[in-house]
Amino acid sequence: MKRLKISLFVFLLSIGMIIAGCGNSENTASEGGEASKVRIGYFPNLTHISTIVALEKGYFEEELGEDIEIVTQTFPDGSAFMEAMSTGNIDVGTVGPTPVINNYIKNPAHQILAGAVNAGAVLVVREDAGIESVEDLAGKRVAIPTIGSTQDIMLMKALKDAGLDVKTSGGTVETMKQAPADTATLFLQKDVDAAATQEPWGVNLEANANAKVLLDANEFAWGEESTNTVFVGTNKFTEANPELTKKILAAHVKSINFINENKEEAIDLFISHIKEITGKELSLDEVTKAMERTIPTYELNEDVLNEMAKISKDAGYITSDDIDGLVNKEFLNEVVK
């Protein structure tokens, strides 16, 4: 990977919690001209493999040219990502759709520009919890990455389809916020009965915490149409820099095509990237299995996004489910046509 200027961050993956780095808050779009810097945010998760591979292969540099400085920043969850985007610390990046939806209702200052990953999430249970169906989750406790996360909404969808409801406390099914990297400990201590989580943490729970899959990626929520990760940009950046935005999306599309055509190499690049920024080497077997549940795609299913917004509203996370204008495919269509 070509050397990039990476924002200061300190986090541990696989064992500990991740602490987001500090971004540069200066405006990247100079008045009357294009930006000289692009700040890209992402998570060190398999569901963000499109951004990771684009960085490793140098696709952003290739498309943007040597005059554009690329700054990257990692985040532990969608709330931290969207806070950075809302405060002008990042311009574009990959994140789960639910945080994007929830923040759009409060402040429509960003748009979804493309898809990134479908599926890539599972509902797993402890082998000794006596859970054989979604209905058996009644009265149980389920770990989720964070309240209002995409996996939280996917769990609500699965429970609703089974005639159950969920609340953070006192509901038919109780949810508990827990960083995916720490969920295995909860399983081993029997503090939770199940987890709705993104990959590679589902496979990690299977391998290290006596978990079994209740709903695989092709069954959980909307199955293979479940939008797990999207590519998003601020309106301030995209409106001031339409040509740069198309170049960024060209790198994104190039990365997704590479991943789908070169799965083994993409997995190696992902593992190498995570090791470089965390010092921890993920299991090749685990990541390979997790990749089988992950569908890199730049396509978007807007019906799923609208249903996610409705579920989020019904849960009380947002006051409206009107997300008209959130999705903008104009730049992507110019790139892929």
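A salt bridge here means a side-chain nitrogen of Lys or Arg within 4 Å of a carboxyl oxygen of Asp or Glu. Keep that in mind for the close-ups below, which all come from a predicted model.

**View 1. Five charged residues join up in a salt-bridge network.** The members to look for are E199, E206, D216, K289 and R293. Let's zoom in on one link, the salt bridge between R293 and D216, where the closest N and O atoms are 3.0 Å apart. R293 sits in the loop between helix 11 (284-291) and strand 15 (294-296), while D216 sits in the loop between strand 13 (211-215) and strand 14 (227-234), so this pair ties together parts that are 77 residues apart in sequence. Is R293 buried or exposed? With 9% relative accessibility, R293 counts as buried. Its partner D216 is partly exposed, at 24%.

**View 2. E63 and K254 form a salt bridge between two helices.** By the same rule as above, the count for this model comes to 20 salt bridges, and here is one of them. The closest N and O atoms of E63 and K254 are 2.9 Å apart. Since E63 belongs to helix 2 (residues 59-64) and K254 to helix 9 (residues 242-261), the pair ties together parts that are 191 residues apart in sequence. As for how much of each residue shows, E63 counts as partly exposed at 24% relative accessibility, and K254 counts as partly exposed at 27%.

**View 3. K157 reaches E307 in a salt bridge.** In this pair the closest N and O atoms are 3.2 Å apart. K157 lies in helix 5 and E307 in helix 12 (residues 302-314), so the bridge ties together parts that are 150 residues apart in sequence. K157 has 13% relative accessibility; the cut-off for buried is under 20%, so K157 counts as buried. E307, at 29%, counts as partly exposed.

**View 4. Helix 12 shows up again, this time packing against helix 4.** Helix 4 (residues 97-106) and helix 12 have axes 10 Å apart and pack at an angle of about 65 degrees. Angles from 65 to 115 degrees count as roughly perpendicular, and that is why helix 4 and helix 12 are described that way. The crossing itself is right-handed. Which residues of helix 4 meet helix 12? They are P97, T98, I101 and N102, and on the helix 12 side you'll find L305, M308, A309 and S312.

**View 5. The largest nonpolar core has 49 residues.** Four of them touch the most other members: F81, L123, L137 and F220. Helix 5 (residues 150-161) gives the most to this core, chipping in six residues. Pick out L123 and skip its neighbours within four places in sequence: its contacts include L137, V142, L155, A195 and F220. K212, V213, L214 and L215 are also among the residues that L123 contacts. Apart from this core lies another one, of 43 residues, with L55, V92, V253 and I277 among them.

**View 6. Q178 sits in a loop and has neighbours from elsewhere in the sequence.** Where is Q178? Look in the loop between strand 11 (173-177) and helix 6 (183-188). At 19% relative accessibility, Q178 counts as buried, because the cut-off for buried is under 20%. Leaving out residues up to four places away in sequence, Q178 touches A143, I144, P145, T183 and L186.

Conventions
Residues numbered from 1 in each chain as written. Predicted model: local features only at pLDDT ≥ 70, side-chain atom pairs only at ≥ 80, totals over all residues. Heavy atoms only, no water. Core = buried A, V, L, I, M, F, W, Y, C linked by side-chain atoms within 4.5 Å. Buried < 20%, exposed > 50% of the residue type's maximum accessible area, 1.4 Å probe, protein only. Helix = DSSP H or I, 4+ residues; strand = E, 2+ residues; numbered from the N terminus. Contact = heavy atoms within 4.5 Å. Axes fitted to C-alpha atoms, helices over the stretch in contact; angles between N-to-C directions. Parallel < 35°, antiparallel > 145°, perpendicular 65-115°, else oblique. Left-handed = near helix turned anticlockwise from the far one by under 90°.
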